[in-house]
Amino acid sequence: MDIEAGPGSLPRVPGTGRSVPEAEPALVEGWRSAGGELVELLSQVRERCGGVAAFRLGPARTVLVTDPRAVQHVLARHPERYVKRSHRARLLIGDGVLAATGVAWKRQRRLLQAQFTGTGMRRYQQRIDEAARTTAGRWGGYARTGQTVDVVREMRRFALDAIWRSLTGHALDDRTERELAAVTAVAAALPTLPADVTGAQDAVAADLARIDAVARHAIDTARAGAAGPDGPGLLHVLIDAADEHPEYTDRLIRDELVTLLSAGHETTATTLTWLYLLLDQYPAAREQALAAGGEGSAQRRQAVQALVHETLRLYPAAWILPRHATEDDTLAGYTVEAGTDILVCPYLTHRDPELWPDPERFAPRRFTVPDGRPAHPGAYLPFGIGPRACLGVQFALRESTVLLESLLPLHTLSFHSTPTRAEYGFTVRPDGPVTASLAPPLR
(Lines give C-alpha, C1' and ligand atoms only; values in the text may rest on other atoms or scores of the structure.)
Protein backbone atom coordinates (compact mmCIF):
# COMPACT_ATOMS: atom_id res chain seq x y z
CA MET A 1 0.00 0.00 0.00
CA ASP A 2 1.09 3.57 -0.60
CA ILE A 3 2.25 5.36 2.56
CA GLU A 4 2.94 9.07 2.35
CA ALA A 5 4.16 11.14 5.25
CA GLY A 6 3.49 14.82 5.59
CA PRO A 7 4.11 17.59 8.12
CA GLY A 8 1.53 19.16 10.33
CA SER A 9 -1.40 17.68 12.19
CA LEU A 10 -5.08 17.10 11.68
CA PRO A 11 -6.95 20.35 10.95
CA ARG A 12 -8.65 21.88 13.96
CA VAL A 13 -12.39 22.22 14.18
CA PRO A 14 -13.28 25.46 15.99
CA GLY A 15 -14.47 24.96 19.54
CA THR A 16 -13.37 21.35 19.88
CA GLY A 17 -10.20 19.56 20.99
CA ARG A 18 -6.49 19.69 20.32
CA SER A 19 -4.84 18.50 17.13
CA VAL A 20 -3.97 14.83 17.08
CA PRO A 21 -0.21 14.27 17.54
CA GLU A 22 1.30 13.19 14.22
CA ALA A 23 4.27 10.94 13.53
CA GLU A 24 7.17 12.70 11.88
CA PRO A 25 7.74 12.06 8.15
CA ALA A 26 11.12 10.41 8.76
CA LEU A 27 9.50 7.65 10.81
CA VAL A 28 7.09 6.72 8.04
CA GLU A 29 9.69 7.06 5.30
CA GLY A 30 12.08 4.84 7.25
CA TRP A 31 9.41 2.21 7.56
CA ARG A 32 8.70 2.39 3.83
CA SER A 33 12.38 2.05 2.98
CA ALA A 34 12.69 -1.02 5.19
CA GLY A 35 9.62 -2.65 3.63
CA GLY A 36 8.24 -3.48 7.06
CA GLU A 37 4.87 -4.87 8.14
CA LEU A 38 2.10 -2.36 8.81
CA VAL A 39 2.05 -3.44 12.46
CA GLU A 40 5.67 -2.30 12.82
CA LEU A 41 4.78 1.19 11.64
CA LEU A 42 1.74 1.34 13.90
CA SER A 43 3.82 0.21 16.87
CA GLN A 44 6.34 2.99 16.26
CA VAL A 45 3.59 5.59 15.80
CA ARG A 46 1.99 4.62 19.11
CA GLU A 47 5.34 4.61 20.90
CA ARG A 48 6.22 8.09 19.63
CA CYS A 49 2.81 9.77 19.77
CA GLY A 50 0.59 7.89 22.22
CA GLY A 51 -2.76 6.11 22.18
CA VAL A 52 -4.39 8.50 19.68
CA ALA A 53 -1.93 9.38 16.93
CA ALA A 54 -1.98 10.56 13.31
CA PHE A 55 0.14 9.59 10.31
CA ARG A 56 -0.27 9.62 6.55
CA LEU A 57 -1.54 6.48 4.89
CA GLY A 58 -1.68 7.34 1.20
CA PRO A 59 -2.77 10.93 0.42
CA ALA A 60 -4.90 11.33 3.55
CA ARG A 61 -4.10 11.28 7.24
CA THR A 62 -5.04 8.24 9.28
CA VAL A 63 -5.61 8.19 13.03
CA LEU A 64 -4.38 5.20 15.01
CA VAL A 65 -6.41 4.42 18.15
CA THR A 66 -5.06 2.16 20.90
CA ASP A 67 -6.03 4.02 24.09
CA PRO A 68 -8.87 2.05 25.79
CA ARG A 69 -11.10 5.08 26.35
CA ALA A 70 -10.73 6.14 22.73
CA VAL A 71 -11.29 2.56 21.57
CA GLN A 72 -14.58 2.42 23.47
CA HIS A 73 -15.58 5.85 22.12
CA VAL A 74 -15.08 4.74 18.51
CA LEU A 75 -16.43 1.18 18.60
CA ALA A 76 -19.02 1.14 21.38
CA ARG A 77 -20.25 4.60 22.28
CA HIS A 78 -20.40 6.28 18.90
CA PRO A 79 -20.43 3.63 16.17
CA GLU A 80 -22.68 5.90 14.09
CA ARG A 81 -19.83 8.42 13.86
CA TYR A 82 -17.19 5.82 13.03
CA VAL A 83 -18.53 3.42 10.45
CA LYS A 84 -17.30 0.34 8.72
CA ARG A 85 -16.91 0.87 5.01
CA SER A 86 -16.46 -1.77 2.31
CA HIS A 87 -14.98 -4.84 3.92
CA ARG A 88 -11.68 -6.04 2.44
CA ALA A 89 -13.10 -9.58 2.31
CA ARG A 90 -16.17 -8.61 0.26
CA LEU A 91 -14.73 -10.48 -2.71
CA LEU A 92 -15.07 -13.66 -0.64
CA ILE A 93 -18.08 -13.01 1.60
CA GLY A 94 -20.14 -10.74 -0.65
CA ASP A 95 -22.97 -9.08 1.28
CA GLY A 96 -22.62 -11.31 4.35
CA VAL A 97 -23.13 -9.77 7.77
CA LEU A 98 -19.44 -8.84 8.16
CA ALA A 99 -19.54 -6.65 5.07
CA ALA A 100 -23.15 -5.41 5.27
CA THR A 101 -23.98 -1.88 6.43
CA GLY A 102 -27.04 0.16 7.38
CA VAL A 103 -30.50 -1.40 7.45
CA ALA A 104 -29.31 -4.59 5.75
CA TRP A 105 -26.69 -5.15 8.44
CA LYS A 106 -29.20 -4.61 11.25
CA ARG A 107 -31.60 -7.13 9.74
CA GLN A 108 -28.92 -9.75 9.11
CA ARG A 109 -27.36 -9.24 12.53
CA ARG A 110 -30.74 -9.59 14.27
CA LEU A 111 -31.45 -12.89 12.55
CA LEU A 112 -28.06 -14.41 13.36
CA GLN A 113 -27.57 -13.05 16.87
CA ALA A 114 -30.11 -15.36 18.47
CA GLN A 115 -28.26 -18.35 17.01
CA PHE A 116 -25.07 -17.58 18.91
CA THR A 117 -26.42 -16.84 22.39
CA GLY A 118 -28.42 -18.74 25.02
CA THR A 119 -30.70 -21.35 23.49
CA GLY A 120 -29.00 -21.06 20.13
CA MET A 121 -25.62 -22.02 21.58
CA ARG A 122 -27.13 -24.95 23.48
CA ARG A 123 -28.48 -26.22 20.16
CA TYR A 124 -24.95 -26.45 18.76
CA GLN A 125 -23.21 -27.82 21.87
CA GLN A 126 -23.65 -31.46 20.82
CA ARG A 127 -22.22 -30.72 17.39
CA ILE A 128 -19.16 -29.04 18.89
CA ASP A 129 -18.70 -32.02 21.23
CA GLU A 130 -18.87 -34.43 18.29
CA ALA A 131 -16.26 -32.45 16.36
CA ALA A 132 -13.97 -32.49 19.42
CA ARG A 133 -14.44 -36.25 19.89
CA THR A 134 -13.61 -36.84 16.23
CA THR A 135 -10.41 -34.83 16.59
CA ALA A 136 -9.46 -36.58 19.83
CA GLY A 137 -9.90 -39.96 18.11
CA ARG A 138 -7.72 -38.84 15.22
CA TRP A 139 -5.01 -37.65 17.62
CA GLY A 140 -5.11 -40.97 19.42
CA GLY A 141 -4.23 -42.59 16.12
CA TYR A 142 -1.37 -40.16 15.55
CA ALA A 143 0.01 -40.96 19.01
CA ARG A 144 -0.05 -44.71 18.31
CA THR A 145 1.64 -44.46 14.91
CA GLY A 146 4.03 -41.59 15.58
CA GLN A 147 2.70 -39.74 12.53
CA THR A 148 3.82 -36.15 12.04
CA VAL A 149 1.00 -33.70 12.63
CA ASP A 150 0.40 -30.51 10.65
CA VAL A 151 -0.92 -28.48 13.57
CA VAL A 152 -2.40 -25.72 11.43
CA ARG A 153 -4.33 -28.19 9.32
CA GLU A 154 -5.52 -30.15 12.36
CA MET A 155 -6.88 -27.07 14.07
CA ARG A 156 -8.46 -25.85 10.87
CA ARG A 157 -10.04 -29.26 10.31
CA PHE A 158 -11.55 -29.32 13.80
CA ALA A 159 -12.91 -25.77 13.61
CA LEU A 160 -14.30 -26.33 10.12
CA ASP A 161 -15.97 -29.56 11.26
CA ALA A 162 -17.59 -27.77 14.22
CA ILE A 163 -19.02 -24.94 12.13
CA TRP A 164 -20.01 -27.25 9.23
CA ARG A 165 -21.99 -29.51 11.62
CA SER A 166 -23.65 -26.41 13.08
CA LEU A 167 -24.55 -25.05 9.67
CA THR A 168 -25.70 -28.21 7.94
CA GLY A 169 -26.21 -30.92 10.57
CA HIS A 170 -23.64 -33.11 8.79
CA ALA A 171 -20.09 -34.01 9.79
CA LEU A 172 -17.34 -32.62 7.60
CA ASP A 173 -16.30 -35.15 4.96
CA ASP A 174 -12.92 -35.29 3.24
CA ARG A 175 -14.16 -33.94 -0.09
CA THR A 176 -15.86 -30.93 1.47
CA GLU A 177 -12.75 -30.22 3.53
CA ARG A 178 -10.60 -30.26 0.38
CA GLU A 179 -12.95 -27.95 -1.49
CA LEU A 180 -13.30 -25.52 1.41
CA ALA A 181 -9.53 -25.11 1.54
CA ALA A 182 -10.33 -22.53 -1.14
CA VAL A 183 -11.78 -20.29 1.59
CA THR A 184 -8.40 -20.16 3.31
CA ALA A 185 -6.64 -19.64 -0.02
CA VAL A 186 -8.77 -16.63 -0.96
CA ALA A 187 -8.53 -15.12 2.54
CA ALA A 188 -4.73 -15.43 2.43
CA ALA A 189 -4.60 -13.84 -1.02
CA LEU A 190 -6.77 -10.82 -0.18
CA PRO A 191 -3.97 -8.43 0.91
CA THR A 192 -2.04 -8.97 -2.34
CA LEU A 193 -4.86 -8.98 -4.90
CA PRO A 194 -5.07 -6.28 -7.61
CA ALA A 195 -6.90 -3.11 -6.60
CA ASP A 196 -9.47 -3.31 -9.39
CA VAL A 197 -12.40 -5.62 -8.74
CA THR A 198 -12.19 -7.46 -12.07
CA GLY A 199 -8.51 -8.17 -11.67
CA ALA A 200 -9.01 -9.40 -8.13
CA GLN A 201 -11.86 -11.69 -9.14
CA ASP A 202 -9.87 -13.12 -12.03
CA ALA A 203 -6.92 -13.87 -9.74
CA VAL A 204 -9.00 -16.12 -7.46
CA ALA A 205 -11.75 -17.18 -9.88
CA ALA A 206 -11.03 -20.90 -9.60
CA ASP A 207 -11.12 -20.87 -5.80
CA LEU A 208 -14.31 -18.79 -5.74
CA ALA A 209 -15.93 -21.28 -8.12
CA ARG A 210 -15.05 -24.14 -5.75
CA ILE A 211 -16.53 -22.27 -2.80
CA ASP A 212 -19.70 -21.42 -4.73
CA ALA A 213 -20.14 -25.06 -5.74
CA VAL A 214 -19.94 -26.26 -2.12
CA ALA A 215 -22.34 -23.54 -0.99
CA ARG A 216 -24.82 -24.27 -3.78
CA HIS A 217 -24.84 -27.99 -2.97
CA ALA A 218 -25.34 -27.32 0.76
CA ILE A 219 -28.21 -24.90 0.09
CA ASP A 220 -29.91 -27.27 -2.35
CA THR A 221 -29.57 -30.16 0.10
CA ALA A 222 -30.99 -28.15 2.99
CA ARG A 223 -33.84 -26.81 0.88
CA ALA A 224 -34.74 -30.35 -0.13
CA GLY A 225 -35.35 -31.06 3.55
CA ALA A 226 -32.33 -33.30 4.08
CA ALA A 227 -31.46 -32.48 7.67
CA GLY A 228 -28.31 -34.01 9.09
CA PRO A 229 -28.08 -36.62 11.86
CA ASP A 230 -28.28 -33.86 14.49
CA GLY A 231 -31.28 -32.21 12.85
CA PRO A 232 -31.45 -28.98 10.83
CA GLY A 233 -28.64 -26.49 11.10
CA LEU A 234 -28.17 -22.75 10.89
CA LEU A 235 -28.34 -22.94 7.11
CA HIS A 236 -31.98 -24.01 7.44
CA VAL A 237 -32.64 -20.87 9.51
CA LEU A 238 -31.29 -18.74 6.66
CA ILE A 239 -33.39 -20.58 4.09
CA ASP A 240 -36.53 -20.22 6.23
CA ALA A 241 -35.84 -16.49 6.58
CA ALA A 242 -36.61 -16.08 2.86
CA ASP A 243 -40.30 -16.75 3.61
CA GLU A 244 -40.55 -13.46 5.51
CA HIS A 245 -37.64 -11.56 3.97
CA PRO A 246 -37.47 -11.85 0.18
CA GLU A 247 -34.07 -10.19 0.22
CA TYR A 248 -32.71 -13.56 1.43
CA THR A 249 -32.04 -14.75 -2.09
CA ASP A 250 -29.82 -17.73 -2.79
CA ARG A 251 -26.98 -15.26 -3.32
CA LEU A 252 -27.38 -13.68 0.11
CA ILE A 253 -27.78 -17.09 1.74
CA ARG A 254 -24.54 -18.10 0.00
CA ASP A 255 -22.83 -14.95 1.28
CA GLU A 256 -23.95 -15.58 4.86
CA LEU A 257 -22.91 -19.23 4.62
CA VAL A 258 -19.43 -18.33 3.38
CA THR A 259 -19.15 -15.55 5.96
CA LEU A 260 -19.93 -17.97 8.78
CA LEU A 261 -17.55 -20.57 7.37
CA SER A 262 -14.75 -18.02 6.99
CA ALA A 263 -15.15 -16.28 10.33
CA GLY A 264 -16.24 -19.46 12.09
CA HIS A 265 -13.15 -21.55 11.48
CA GLU A 266 -10.11 -19.52 10.44
CA THR A 267 -9.86 -17.42 13.62
CA THR A 268 -10.46 -20.39 15.93
CA ALA A 269 -7.92 -22.54 14.10
CA THR A 270 -5.33 -19.78 14.26
CA THR A 271 -5.96 -19.17 17.97
CA LEU A 272 -5.56 -22.86 18.80
CA THR A 273 -2.36 -23.08 16.77
CA TRP A 274 -0.86 -20.11 18.61
CA LEU A 275 -1.98 -21.60 21.92
CA TYR A 276 -0.05 -24.80 21.33
CA LEU A 277 3.01 -22.83 20.23
CA LEU A 278 2.79 -20.80 23.43
CA LEU A 279 2.42 -23.93 25.56
CA ASP A 280 5.62 -25.20 23.97
CA GLN A 281 7.37 -22.10 25.33
CA TYR A 282 5.51 -22.10 28.65
CA PRO A 283 4.83 -25.77 29.51
CA ALA A 284 3.97 -24.95 33.12
CA ALA A 285 0.80 -23.20 31.90
CA ARG A 286 -0.61 -26.55 30.76
CA GLU A 287 0.18 -28.16 34.11
CA GLN A 288 -1.41 -25.31 36.02
CA ALA A 289 -4.60 -25.50 33.95
CA LEU A 290 -4.95 -29.26 34.48
CA ALA A 291 -4.18 -28.94 38.20
CA ALA A 292 -6.89 -26.31 38.68
CA GLY A 293 -9.59 -28.98 39.04
CA GLY A 294 -10.72 -32.44 38.07
CA GLU A 295 -12.00 -33.51 34.69
CA GLY A 296 -15.23 -31.68 33.86
CA SER A 297 -14.95 -29.31 36.84
CA ALA A 298 -15.79 -25.62 36.63
CA GLN A 299 -12.31 -24.80 37.96
CA ARG A 300 -10.53 -26.64 35.16
CA ARG A 301 -12.83 -25.15 32.55
CA GLN A 302 -12.10 -21.65 33.85
CA ALA A 303 -8.36 -22.35 33.74
CA VAL A 304 -8.57 -23.71 30.19
CA GLN A 305 -10.60 -20.68 29.12
CA ALA A 306 -7.85 -18.50 30.59
CA LEU A 307 -5.37 -20.18 28.23
CA VAL A 308 -7.60 -19.19 25.33
CA HIS A 309 -8.12 -15.64 26.57
CA GLU A 310 -4.40 -15.06 27.07
CA THR A 311 -3.67 -16.42 23.60
CA LEU A 312 -6.28 -14.03 22.20
CA ARG A 313 -4.64 -11.18 24.07
CA LEU A 314 -1.35 -11.82 22.31
CA TYR A 315 -2.91 -12.78 18.96
CA PRO A 316 -6.42 -11.26 18.78
CA ALA A 317 -8.86 -12.67 16.27
CA ALA A 318 -9.40 -9.16 14.90
CA TRP A 319 -5.96 -7.57 15.10
CA ILE A 320 -6.96 -4.35 13.33
CA LEU A 321 -10.38 -2.69 12.91
CA PRO A 322 -10.68 0.04 10.25
CA ARG A 323 -13.35 2.72 10.62
CA HIS A 324 -14.26 5.96 8.83
CA ALA A 325 -15.34 9.17 10.58
CA THR A 326 -18.67 10.38 9.15
CA GLU A 327 -18.74 13.66 11.09
CA ASP A 328 -16.49 15.99 13.04
CA ASP A 329 -15.81 14.69 16.53
CA THR A 330 -13.65 15.11 19.59
CA LEU A 331 -11.86 11.88 20.45
CA ALA A 332 -10.08 11.66 23.82
CA GLY A 333 -9.69 15.44 23.71
CA TYR A 334 -8.42 15.51 20.12
CA THR A 335 -10.09 16.84 17.00
CA VAL A 336 -11.07 14.35 14.30
CA GLU A 337 -12.54 15.69 11.08
CA ALA A 338 -15.26 14.01 9.04
CA GLY A 339 -13.65 11.87 6.35
CA THR A 340 -10.74 10.73 8.52
CA ASP A 341 -9.76 7.08 8.37
CA ILE A 342 -9.40 5.42 11.77
CA LEU A 343 -7.41 2.29 12.64
CA VAL A 344 -8.31 0.68 15.97
CA CYS A 345 -5.57 -1.85 16.76
CA PRO A 346 -6.41 -4.43 19.46
CA TYR A 347 -3.03 -6.08 18.86
CA LEU A 348 -1.22 -3.00 20.16
CA THR A 349 -3.72 -2.24 22.91
CA HIS A 350 -3.21 -5.77 24.24
CA ARG A 351 0.57 -5.26 24.32
CA ASP A 352 0.57 -1.88 26.03
CA PRO A 353 2.79 -2.23 29.14
CA GLU A 354 0.80 0.44 30.95
CA LEU A 355 -2.28 -1.79 30.70
CA TRP A 356 -0.70 -5.24 30.74
CA PRO A 357 2.49 -5.60 32.84
CA ASP A 358 5.16 -7.67 31.08
CA PRO A 359 2.89 -7.77 28.01
CA GLU A 360 4.97 -10.15 25.88
CA ARG A 361 4.80 -12.91 28.50
CA PHE A 362 2.16 -15.64 28.23
CA ALA A 363 0.45 -15.45 31.62
CA PRO A 364 -3.05 -17.01 31.71
CA ARG A 365 -3.40 -16.10 35.39
CA ARG A 366 -4.25 -12.59 34.22
CA PHE A 367 -7.73 -14.01 33.56
CA THR A 368 -8.18 -16.04 36.75
CA VAL A 369 -6.97 -13.81 39.60
CA PRO A 370 -8.64 -10.62 40.91
CA ASP A 371 -7.30 -7.48 39.23
CA GLY A 372 -5.23 -9.60 36.87
CA ARG A 373 -6.42 -7.67 33.82
CA PRO A 374 -7.44 -4.07 33.14
CA ALA A 375 -11.03 -3.29 34.07
CA HIS A 376 -11.68 -0.93 31.17
CA PRO A 377 -13.70 -2.66 28.40
CA GLY A 378 -11.57 -1.03 25.72
CA ALA A 379 -8.41 -2.70 27.03
CA TYR A 380 -9.29 -6.24 25.92
CA LEU A 381 -11.18 -6.69 22.65
CA PRO A 382 -9.96 -9.71 20.68
CA PHE A 383 -13.31 -9.88 18.87
CA GLY A 384 -14.04 -6.14 18.91
CA ILE A 385 -16.57 -4.41 21.14
CA GLY A 386 -19.81 -2.54 20.51
CA PRO A 387 -22.62 -3.37 18.10
CA ARG A 388 -20.26 -4.73 15.42
CA ALA A 389 -18.38 -7.06 17.75
CA CYS A 390 -18.04 -10.60 16.42
CA LEU A 391 -21.29 -12.56 16.60
CA GLY A 392 -19.53 -15.85 17.18
CA VAL A 393 -17.56 -15.01 20.33
CA GLN A 394 -19.36 -17.57 22.51
CA PHE A 395 -19.19 -20.20 19.78
CA ALA A 396 -15.44 -19.71 19.34
CA LEU A 397 -14.73 -19.80 23.08
CA ARG A 398 -16.93 -22.86 23.57
CA GLU A 399 -15.36 -24.92 20.77
CA SER A 400 -11.82 -23.97 21.78
CA THR A 401 -12.44 -24.90 25.41
CA VAL A 402 -14.17 -28.19 24.58
CA LEU A 403 -11.32 -29.29 22.31
CA LEU A 404 -8.63 -28.37 24.83
CA GLU A 405 -10.43 -30.17 27.63
CA SER A 406 -10.30 -33.28 25.42
CA LEU A 407 -6.70 -32.99 24.22
CA LEU A 408 -4.64 -31.35 26.96
CA PRO A 409 -4.85 -34.21 29.50
CA LEU A 410 -3.82 -36.80 26.91
CA HIS A 411 -1.29 -35.23 24.56
CA THR A 412 1.56 -32.78 24.36
CA LEU A 413 3.18 -31.69 21.11
CA SER A 414 6.84 -32.09 20.30
CA PHE A 415 7.41 -29.52 17.56
CA HIS A 416 9.57 -30.26 14.52
CA SER A 417 9.28 -26.72 13.16
CA THR A 418 7.95 -23.48 14.57
CA PRO A 419 7.50 -20.11 12.85
CA THR A 420 9.97 -17.34 13.56
CA ARG A 421 7.48 -14.55 12.96
CA ALA A 422 3.81 -13.73 12.49
CA GLU A 423 1.98 -12.82 9.28
CA TYR A 424 -0.53 -9.97 9.58
CA GLY A 425 -3.28 -10.55 7.08
CA PHE A 426 -6.94 -11.45 7.55
CA THR A 427 -5.79 -12.85 10.92
CA VAL A 428 -2.43 -12.89 12.72
CA ARG A 429 -1.08 -16.24 11.53
CA PRO A 430 2.16 -18.14 12.10
CA ASP A 431 4.37 -17.45 9.11
CA GLY A 432 5.62 -20.88 8.20
CA PRO A 433 4.93 -24.58 8.77
CA VAL A 434 3.95 -25.84 12.21
CA THR A 435 4.61 -29.58 12.42
CA ALA A 436 4.87 -31.79 15.48
CA SER A 437 4.64 -35.27 16.91
CA LEU A 438 2.38 -36.21 19.79
CA ALA A 439 4.68 -36.72 22.76
CA PRO A 440 3.80 -38.75 25.85
CA PRO A 441 1.81 -36.69 28.35
CA LEU A 442 3.72 -34.91 31.08
CA ARG A 443 1.27 -36.22 33.65
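Me: What makes the backbone oxygen of glutamate 337 and the side chain of threonine 340 a polar contact?

Reply: In this predicted model, the backbone oxygen of glutamate 337 lies 2.7 Å from a polar atom of the threonine 340 side chain, and since a polar contact is a pair of N or O atoms within 3.5 Å, with one able to donate a hydrogen and the other to accept it, the pair is counted as one. Threonine 340 itself sits in the loop between strand 7 (334–336) and strand 8 (341–344).

Me: Why is threonine 340 called buried or exposed?

Reply: The relative accessibility of threonine 340 is 6%, and the word buried applies under 20%, so threonine 340 counts as buried.

Me: What is known about the start of helix 3, and how much of that helix is covered?

Reply: At the start of helix 3, a side-chain oxygen of aspartate 67 comes to within 3.1 Å of the backbone nitrogen of arginine 69, which falls inside the 3.5 Å cut-off for a polar contact. Helix 3, residues 68–77, is described as mostly covered because seven of its ten residues are buried, and these are Pro68, Ala70, Val71, Gln72, His73, Val74 and Leu75.

Me: Why is leucine 42 called buried or exposed, and what does leucine 42 touch?

Reply: Leucine 42, which is found in helix 2 (residues 38–49), has a relative accessibility of 0% and therefore counts as buried, the limit being under 20%. Leaving aside residues up to four places away in sequence, leucine 42 touches Phe55, Leu64, Ile320, Leu343, Cys345 and Leu348, where touching means that heavy atoms come within 4.5 Å.

Me: How do you know whether cysteine 345 is in a disulfide?

Reply: The closest cysteine sulfur to that of cysteine 345 belongs to cysteine 49 and is 15 Å away, which is too far for a bond, given that a disulfide needs two cysteine sulfur atoms within 2.5 Å. Cysteine 345, one of the residues that leucine 42 touches, also counts as buried, because its relative accessibility is 0%.

Me: What of cysteine 390, and how many disulfides does the whole structure have?

Reply: From the sulfur of cysteine 390 to the closest cysteine sulfur, in cysteine 345, the distance is 17 Å, again too far for a bond, and a search of the whole structure finds zero disulfides. Cysteine 390 has 31% relative accessibility and so counts as partly exposed, a class that lies between the 20% and 50% limits.

Me: How many cavities does the structure hold, and what lines the largest cavity?

Reply: There are four cavities of 30 Å³ or more, and the largest has a volume of about 260 Å³. Of the 22 residues lining the largest cavity, those closest to its centre are Leu260, Ala263, Cys390, Leu391 and Gly392. Helix 5 (102–113), helix 12 (250–281) and helix 16 (393–407) each supply at least two lining residues, while helix 12 gives the most, with six.

Me: What classes of residue make up the two linings?

Reply: The lining of the largest cavity divides into 13 nonpolar, five polar and four charged residues. For the second largest cavity, which has about 60 Å³ of space, the lining has four nonpolar, three polar and three charged residues; among them are Glu266, Glu423 and Arg429, which are charged by type. The largest share of this second lining, three residues, comes from helix 8 (residues 174–189).

How values were computed: Residues are numbered from 1 along each chain as its sequence is written. This is a predicted model: local features need pLDDT of at least 70, side-chain atom pairs count only at pLDDT 80 or more; totals for chains, interfaces and linings use all residues. Side-chain values use heavy atoms; hydrogens and water are left out. Helices (H or I, at least four residues) and strands (E, at least two) are DSSP runs, numbered from the N terminus. Buried means under 20% relative accessible area, exposed over 50%, partly exposed in between (1.4 Å probe, protein chains only). On a 1 Å grid over the protein atoms alone, a cavity is a set of points where a 1.4 Å probe fits but cannot get out, and a pocket is an open set with protein on both sides within 12 Å along at least five of seven lines; lining residues have an atom within 4 Å of a point. Grid points are joined across faces, edges and corners, and a volume is the space filled by probe spheres set on the points.
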